[in-house]
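Trainee: I have a model open and a list of terms I want to challenge. Can we go through them one at a time?

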Amino acid sequence: MPLSFVPLTFPSSLDSTKFKDFGREVVGAAPGNLTEEEFKAVEAALYRHDLLLFRNASLTPDQQYSLVKSFDPQSEHYGHGNKQLDKTKQSIIHSYVSSLPNTPQVQIIGHGTIKNHEGIEERILKHGRHPEFHKTRISEEDEAKGFTRFFRWHMDAALYDLNVPKVTALYGIMVPKGPTQTVRYDDGTGDELSVSLGTTAFVSGKVMFEILPAELKSLAVRARAKYAPHPFQWLRNAKAKSTGISLETEGLETPLHDLPPWEEEKIKVYPFTWKNPITGDLHLQVHPLLVMEIQVDPLPQGHHTESALYPFGGTISNLKEIRDLLYRMQRPGIAPNLVYAHPWEERDLVLFNNRGLMHSVVGVSLGP
Ligand SMILES: [Fe+2]
């Protein structure tokens, strides 16, 4: 069967006019054994569509690692550094992911106890739930009725020392079965989104950028995010807003001098917008929770307008100002009609452009 890329079936909640190019199902190729020619087509399609789905995929952890590595042959590690997580128990990532013993570049995520899986005798997995991370929570009664929230919007990246991975592969080996859930934004807008149990939610950084008003677009292309050193330890006591795309500013970040030793050269500074290597489109791609400073270039002389933001450039280091600004730029992009919540089926393999979209775990606890 020739290789083809078939548009995904979107739920009616999604504004399909903005998602014409987003997401394709790859038909006619085995993701664990792509020929060089097939890989080239898949790689181009990944950047063109930002998310690719293989149904009924069959691949080993080694094959999964090799596939992801093909997109970035220089990279030798998982985005947070293979086994480093085990040494950084203070990191908020530690409780949700753990390495496979024989392929530490591949992490296992989920909820419940797994036994005899890929060299793991027994391990308890924990699914991220919003009450552990948000300042407010949905009541237990409402959770029992199926209401939930986005857990934490992010790109997969350590954002200290290590570069942002180009591609993430999520392989759904077991999928929870149960009724749909309703994501509540709980931010006064009344926004809600119906999703399947255990879904992963995705938003396009390209759409997030495109829908911005001119003054925020102008700022986005001039701005850089400077991330905190050891950022997942820096924020470990802070609490998120109810939409999962920002933090409350309550002075709960770990003071820099209380973090493990860090070096200025390993701090990451990235532009707000990332250029898609195939389409040339700009994607707004900022990890909203970990930014410690925003650096803004001035507008060129003669381009100043009344509505321009930070026309003379500068540095923003007030965390509330940083988060308010990012919220103005990113909250519109997670509106219910702009979220693709993937309805997982067993053996789905989802590959996504980790430098061009953001994603979030969704849902309540999925049983023992
Ligand atoms: Fe992730």
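Mentor: Begin with pairing. Two strands pair if DSSP finds at least two bridges between them. Keep in mind that this is a predicted model. By that rule, E1-E2-E3-E20-E9 is the order of an open sheet of five strands, and its pairing is mixed.

Trainee: What makes E1 and E9 the edges of that sheet?

Mentor: Each has a single partner strand, so one side of each has no neighbour in the sheet. From one strand to the next, the twist averages 25 degrees.

Trainee: How do you know that E1 and E2 pair?

Mentor: Count the bridges. Pairing takes at least two. E1 and strand E2 (residues 24–27) have four, in the antiparallel sense. One of the bridge partners is Val-27 in E2, matched with Ser-4.

Trainee: Which strands does helix H1 touch?

Mentor: H1 (residues 36–49) packs on the sheet and touches E1, E2, E3, E9 and E20. The direction of H1 makes about 125 degrees with that of E3.

Trainee: How do you know that the length of H1 agrees with what a helix should span?

Mentor: Set one value against the other. At 1.5 Å a residue, its 14 residues should span 20 Å. The end C-alpha atoms are 20 Å apart, so the two agree.

Trainee: Which residues of H1 are buried?

Mentor: Val-42, Leu-46 and His-49 are. They cover an arc of only 90 degrees around the axis, which puts them on the same side of H1. Glu-36, Glu-37 and Lys-40, on the other side of H1, are exposed. Just after the helix, Asp-50 has a positive phi of about 70 degrees.

Trainee: Why are the buried residues of H2 placed on the same side?

Mentor: The buried ones in H2 (residues 61–70) are Pro-61, Gln-63, Gln-64, Leu-67 and Val-68. Their arc is only 160 degrees around the axis, so they sit on the same side of H2. Strand E9 (167–172) is included in what covers them.

Trainee: Asn-56 and Leu-159 next. Why is Asn-56 called exposed?

Mentor: The cut-off for exposed is 12 or fewer C-beta neighbours within 10 Å. Asn-56 has 10, so it counts as exposed. Its place is the loop between E3 and H2. Phi is near 50 degrees there, a positive value in a residue other than glycine.

Trainee: And why is Leu-159 called buried?

Mentor: Buried needs 20 or more. Leu-159 has 25 other C-beta atoms within 10 Å, so it is buried. Leu-159 lies in the loop between strand E8 (147–148) and E9, with a positive phi near 55 degrees.

Trainee: Why is Val-296 called partly exposed?

Mentor: Buried starts at 20, and exposed stops at 12. Val-296 has 19 C-beta neighbours inside 10 Å, so it falls between the two. Val-296 belongs to strand E17 (residues 291–296). Beyond four places in sequence, its contacts include Leu-219, Arg-222 and Tyr-310.

Trainee: What makes E14 and E18 the edge strands of their sheet?

Mentor: That open sheet of four strands runs E14-E13-E17-E18, with antiparallel pairing. E14 (269–271) and E18 (314–316) each pair on one side only. Within the sheet, E13 (residues 223–227) and E17 are joined by five bridges. Ala-225 stands opposite Ile-294 in E17. Helix H8 (residues 319–330) packs on the sheet and touches E17 and E18.

Trainee: What makes strand E7 hardly covered?

Mentor: E7 (residues 120–125) has six residues, and the count of buried ones is zero. Even so, it pairs with E6 (residues 112–117) over five antiparallel bridges. The two form a hairpin with two residues between them. Glu-118 in the turn has a positive phi of about 45 degrees.

Trainee: Last one. How many residues does the largest nonpolar core have?

Mentor: It has 73. Those with the most contacts inside it include Val-203, Ala-220 and Val-291. Leaving aside neighbours within four places in sequence, Ala-220 is in contact with residues including Phe-209, Leu-212, Phe-272 and Met-329. In soluble globular proteins, nonpolar side chains tend to be buried together.

Notes: Residues numbered from 1 in each chain as written. Predicted model: local features only at pLDDT ≥ 70, side-chain atom pairs only at ≥ 80, totals over all residues. Core = buried A, V, L, I, M, F, W, Y, C linked by C-beta atoms within 7 Å. Contact = placed C-beta atoms within 7 Å. Arc of directions from axis to C-beta. Axes fitted to C-alpha atoms, helices over the stretch in contact; angles between N-to-C directions. Expected span 1.5 Å × (residues − 1).
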